[in-house]
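Grab a pencil and have a look at the model below. Then try the two exercises before you read the solutions.

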Number of protein chains: 2
Amino acid sequence: MRVLVPFDAIDPKRRLAPVFDAEERRAFAAAMLADVLDALDTHDPVILSNAPVDAAAPVTVDRQPLTEAVNAELAAETPTAVVMADLPLVTGDAVARLFEPDADVVVAPGLGGGTNALVARDPSFRTDYHGASVRDHRRAARDIGASLASVDSFRLAVDADEPADLVEVLLHGEGTAAAWLRDRGGRLETTGGRARFRLEKPGRDT
Amino acid sequence: MRVLVPFDAIDPKRRLAPVFDAEERRAFAAAMLADVLDALDTHDPVILSNAPVDAAAPVTVDRQPLTEAVNAELAAETPTAVVMADLPLVTGDAVARLFEPDADVVVAPGLGGGTNALVARDPSFRTDYHGASVRDHRRAARDIGASLASVDSFRLAVDADEPADLVEVLLHGEGTAAAWLRDRGGRLETTGGRARFRLEKPGRDT
């Protein structure tokens, strides 16, 4: 099955602006992409990017917004899997579970209603990544009479969108993104309730 | 295997105070407990509570803090599983995956470093639920030479601690807690980025 990895090469991870500047966010996005490509290794992934990018996989450049770019690919060929590039916890095992269910449409929900990975075997299925997309994708599958399965995976559910997500990378990440984050001074703060993310910047805070 | 469900019957879900008052939080906690007991149905769960509680399972009352109460039980009997009472997405399938790995210690991480479920087969394993407990539990397992497995489950990872978590209940919950939340006016707000939780209170906001 063809596997696409949509990637924003221009201005990725805007919601991490409270902790990282634009150049850092690009470096972190590239590190996460490397981890995702690694987890997809045996599946020959293709990056679907809005600009040329230097990475360990072939790149298709499509300057349309995410939804339109993915739908153009789904119209051209199914089955197709779409795995987001910002999943710093993803592993080969988690990817294997995405391909397990024998359903026309398979979705792996992300935190807050996103669709972090999906498999479309029905040629008429189209995506809509705006809003609570996982709910809309389930509805879209039902509307075309496609069978539907959900993958129950924490590693697929965590996308690094907001500073709080970086806690999960520090706790459970084992790849390039986790190493980059630790190297940049990313630390856990554990003072009651959930752990929080903080940056330790030698020469600045200390 | 014995299955314990720790439950705070006195002042549960304090971090939901921005959206629910004390009585509502107790009702929501009871609804989540009902869902967890339902998912654990075939495993004859026992509630480990800090006060008497009326629920569909036997109750052991222990007024000690969570860590001490659980450790007293682990000292008395292993194997023992400990499944938190505030997992509104948990299903029988997710529970089955907790019991799958044949390891001395099995952990299911929660968002922000918690340990939402664990299995202790090694009689010398003890818990410590303070701070990033999943990290500490992994370390504790290594320290006693116990084999360790992690369960990759979104449904086990989501505990309803903070208002943002209620989004996941509305999106993926199918039980008593989700119904309670909808009935109380819990709604999704989808305006870019992740969906947010809001309350629709007839007669107040409308």
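L4(A) stands opposite V82(A), which is in strand 4 of chain A. Residues are numbered from 1 along each chain as its sequence is written, and chains are lettered from A in the order in which they are written. This is a predicted model, where local features need pLDDT of at least 70.

**Exercise 1.** Work out how strand 1 and strand 4 of chain A pair, and place them in their sheet.

*Solution.* Step one: strands are DSSP runs of E, at least two residues long, and helices are runs of H or I of at least four, numbered from the N terminus. Two strands pair if DSSP finds at least two bridges between them. Step two: strand 1 (residues 2-7) and strand 4 (residues 80-83) of chain A share 3 bridges, in the parallel sense. Step three: read the order of the open sheet in chain A, 3-2-1-4-6-5-7, with 7 strands and mixed pairing. Strand 3 (59-61) and strand 7 (148-150) of chain A are the edges, each pairing on one side only.

**Exercise 2.** Decide how helix 6 and helix 7 of chain B are oriented to each other.

*Solution.* Step one: the axes (lines fitted to C-alpha atoms over the stretch in contact, with angles from 0 to 180 degrees between N-to-C directions) of helix 6 (residues 165-172) and helix 7 (residues 176-183) of chain B come within 9 Å and cross at roughly 105°. Step two: that makes the two helices of chain B roughly perpendicular, a label for angles of 65 to 115 degrees.

Definitions and conventions:
Predicted model: local features only at pLDDT ≥ 70, side-chain atom pairs only at ≥ 80, totals over all residues. Parallel < 35°, antiparallel > 145°, perpendicular 65-115°, else oblique.
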